Amino acid sequence: MMKLIWYILFLLFATNILNAQEKKPIELNTVTVKGSNKPLKESAKGAILDITKIPDYKLLTLAEILTHIPGVEVNDGNITYMGRQLTLMRDGVNVAGFANQIANSLGSGNTQNAYTKIELNLYNLKTEGPTLSFIAPKHDEGYFGNVMANAGTNSSMLMSSVSLSKEKNLLNLNTSGLFQYGPNSNSYIETKFAQTQTHDIRNTYNDGIKMNSSTASLSNSYFINSHSTLNASASASFFNTAYQMATHLQQSQAGVLTNNVNTLLSNNNNFWLNPSYSSKLSYVYKPKAKEHSSQRFDIALEYDDKQTESMTQAASQSLLNNFVPNSNYTSANGTTDKNIFGLVGYEYNHHKLGGFEVVARYFNRKNLQNYDYNYQTDPSGNTDIILQENNISYNYAALLASWDKSFENFSIRAIVKQDYSNDNISSIKGRENFSFLTFSPYVSIQKNLKVGSIRFEAKYSQRRPELSSMSNVVDYGAQFNTSNYQTVGNPYLKPSRTLLLSNIYTTNIKSVGMVLTTEYENTASAISAYQTTDGNIRIRTFRNLAKRNNYTANLSINFYLFPRFTVQLYSNNNFYHYKITQQEKSDAFYWMDGIRLSYTPLPNIRLGTSFGVNGGSRLQYKSRAQFNSGFSVSSNIRKINFSLNINNFHQPYFNNYNWVEANGYETYTQSSTRRIMGSLNIAYTFGQVTKRATVPGKQIAKDDM
């Protein structure tokens with residue numbers, strides 16, 4: 001805690017020195033005001049990206065547009081800020097099904113009626129974390145929308161979005177269907193168990209995971225009057241997965257072959273038995289603004305209901321003609337999640353005092369887990385069944401308060417949070433109840449420079465253990481799965497304590513832009529996954545490390561090599577120091593470097609290519625470095641946007657190597673699969689809209705939507 005206080009004092013002192021060194025204002029006879037064409041506007045609260053001011057923005061995919069915000073990264077459909085998960089919102093509102101809509105749109109081009117601005121909030125009190133809000137163009141009357149289609153080697157998708165603006169309502173309907181088909185793979189997995197002196201070799205063939213999902217969401221903003229807005233949304237989605245896997249397992253002990261088994265395993269989720277429903281309701285009230293101040297009141301309610309059910313069957317045959325326990329079984333695994341969330345918020349902004357915000361949040365989760373394991377007990381075919389059930393309840397309440405103030409070329413924001421949780425886990429006999437009380441302060445300071453900006457963030461937080469890491473439902477058939485893993489919870493986990501210091505420096509000198517981000521994270525009692533063993537099964541459990549230190553540095557440089565020819569160089573480096581116990585220590589390093597090139601030969605055509613390499617290690621894990629490549633072509637013709645992407649064209653097939661050095665065993669894995677991927681995306685914009693100067697009931701600001 002003292003480190004955080006000293007760091008804040010140092011930042012304030014350094015900022016005052018910078019302000020003192022600025023020249024005093026001089027009186028001018030004439031003043032000329034010029035508009036700014038910079039797409040990004042930053043402050044201590046976050047950043048606002050004006051998409052329409054990005055060169056060739058109509059030719060960029062949504063993922064490429066997001067990377068114009070410093071600190072935002074897009075990897076495998078996941079959007080993060082400085083490695084932290086982002087909550088995705090539309091027009092400042094958490095809309096049911098919207099996150100799924102954005103995830104499906106990352107590879108498609110931004111259309112005229114999609115989004116004009118993207119707002120990053122570094123710490124949104126309503127979500128207790130960073131958020132991205134996608135701002136759509138506002139039309140007074142009419143309908144507008146887009147249709148997107150994607151066809152590729154690994155997935156296909158069809159999505160549509162329609163909005164209707166009529167009188168006091170803004171209605172939006174979104175539907176999507178996604179079909180994924182992963183490539184086949186072969187793996188060689190060799191494990192040596194130290195305690196039992198067992199040598200485990202398994203060769204597996206996976207026919208690729210097939211997944212279907214469909215989502216439909218409906219939302220409406222009702223403008224009650226010039227001061228009040230009611231937002232309602234609901235979504236429903238269904239999914240299923242299916243795969244088959246063949247495994248040849250050989251086990252030997254002290255040089256003697258003890259097991260030689262062929263296993264065929266199949267897994268399937270019924271499409272209609274895996275639904276997810278969500279509904280959200282929020283009310284915004286803004287009293288009439290006074291000359292120097294304004295206010296805002298927020299109330300929100302949310303309800304989520306998600307169910308999953310899967311069926312696994314394993315049929316094994318011993319080549320040694322001996323009976324292998326647990327090798328023939330059928331298991332059914334089901335979970336039900338029901339969440340209730342509510343908040344009350346108040347904002348007060350004064351042009352001299354700054355902005356004040358207070359939010360009270362409540363969250364309740366009911367989680368039910370069922371696992372039925374029916375297995376053969378002897379060579380004659382007799383069976384037995386094991387039934388497991390686990391009920392988890394989670395009650396959480398938090399109070400957050402913030403203050404922010406902007407000065408000339410300088411802004412600051414400070415936040416404090418106090419929360420309390422009371423939980424119950426039925427499967428942990430004698431230790432069912434858990435309660436945690438945590439406190440977290442946060443500060444952000446932004447300084448605008450002549451040719452860029454610099455922002456510091458400092459946060460102290462206490463992280464309570466995830467309830468899923470404290471309890472477990474035992475997978476008795478894990479020995480005959482590919483990974484040979486059982487996940488075992490640890491009910492004695494303690495909260496971790498983290499001090500996080502980060503900064504982002506951006507500069508633009510002529511046609512060269514640079515973004516440098518650094519981060520230091522010191523965590524005591526860090527909660528970490530830990531690999532160990534009990535006999536001949538690998539066990540994944542969780543434990544509190546004595547300490548973990550993370551050092552991160554990312555550098556990105558953009559410049560024009562020739563007119564319409566852009567070059568981006570990037571380097572991401574992460575160093576980890578783990579103190580597992582006071583005596584046991586470990587270091588790890590992960591890195592990713594590369595180059596991206598883009599060329600616009602014509603105003604409506606853009607060519608791009610990329611090359612990169614990444615590799616490194618984590619706690620108990622390391623992998624061999626691998627090269628990545630990509631090629632893309634995009635075009636925008638009136639209301640239609642095309643994009644073609646081919647990834648890893650230099651290596652259609654490849655072998656991946658990794659090692660696990662765990663407590664009690666070592667595992668070496670070599671896997672081979674198709675790596676080249678291609679996709680074609682088409683997006684079409686449609687609509688008829690009419691803008692009017694004044695429409696009754698349409699005086700709410702866009703961030704209230």
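**Patch, sheets and a buried strand residue**

Biologist: Which residues form the nonpolar patch on the surface, and what is their accessible area together?
Modeller: The model is a predicted one. In it, Y143, V162, L164, L171, L173 and L218 make up a nonpolar surface patch. Together their accessible area is about 460 Å².

Biologist: Which strands each supply at least two residues of the nonpolar patch?
Modeller: Two strands meet that mark. One spans 155–166 and the other 169–181. They are β10 and β11.

Biologist: Is V162 buried, partly exposed or exposed?
Modeller: V162 sits in strand β10. Buried requires under 20% relative accessible area, and exposed requires over 50%. V162 has 33% relative accessibility, so this residue counts as partly exposed.

Biologist: In what order do the 5 strands of the open sheet stand?
Modeller: Their pairing is mixed. Neighbouring strands here are turned by 20 degrees against each other on average, direction ignored. The order is β1-β2-β7-β8-β6.

Biologist: Why is one side of β1 and of β6 left without a neighbour in the sheet?
Modeller: β1 covers 40–42 and β6 covers 87–90. Both stand at the edges of the sheet. One side of each is free because each has a single partner strand.

Biologist: Which residue is the bridge partner of E42 in β2?
Modeller: β1 and β2 (residues 46–50) run antiparallel, joined by 3 bridges. Within β2, the partner of E42 is A47.

Biologist: What angle does the direction of helix α3 make with that of β6?
Modeller: Helix α3 takes in residues 98–105 and packs on the sheet. It touches β6 and β8 (129–135). Its direction and that of β6 make an angle of about 100 degrees.

Biologist: Which strands stand at the edges of the sheet with the order β25-β29-β28?
Modeller: This open sheet has 3 strands and mixed pairing. From one strand to the next, the twist averages 35 degrees. Two strands have a single partner each, so one side of each lacks a neighbour in the sheet. These edge strands are β25 (485–487) and β28 (527–533).

Biologist: Which residue in β29 does Y485 stand opposite?
Modeller: β25 pairs with β29 (residues 538–544) in the parallel sense. The pairing runs over 3 bridges. Opposite Y485 stands R538.

Biologist: How far apart in space are A683 and L158, C-alpha to C-alpha?
Modeller: A683 lies in strand β38 (residues 677–690). With a relative accessible area of 1%, A683 is buried. In sequence, A683 and L158 are 525 residues apart. In space, their C-alpha atoms are separated by 10.0 Å.

Note on methods: Residues numbered from 1 in each chain as written. Predicted model: local features only at pLDDT ≥ 70, side-chain atom pairs only at ≥ 80, totals over all residues. Heavy atoms only, no water. Pairing = 2+ DSSP bridges. Helix = DSSP H or I, 4+ residues; strand = E, 2+ residues; numbered from the N terminus. Axes fitted to C-alpha atoms, helices over the stretch in contact; angles between N-to-C directions. Contact = heavy atoms within 4.5 Å. Buried < 20%, exposed > 50% of the residue type's maximum accessible area, 1.4 Å probe, protein only. Patch = residues over 30% accessible without salt bridge, like charges linked within 9 Å, V, L, I, M, F, W, Y side chains within 5 Å. Areas by Shrake-Rupley, 256 points an atom, 1.4 Å probe, with all protein chains shown as cover. Salt bridge = Lys/Arg side-chain N within 4 Å of Asp/Glu carboxyl O.
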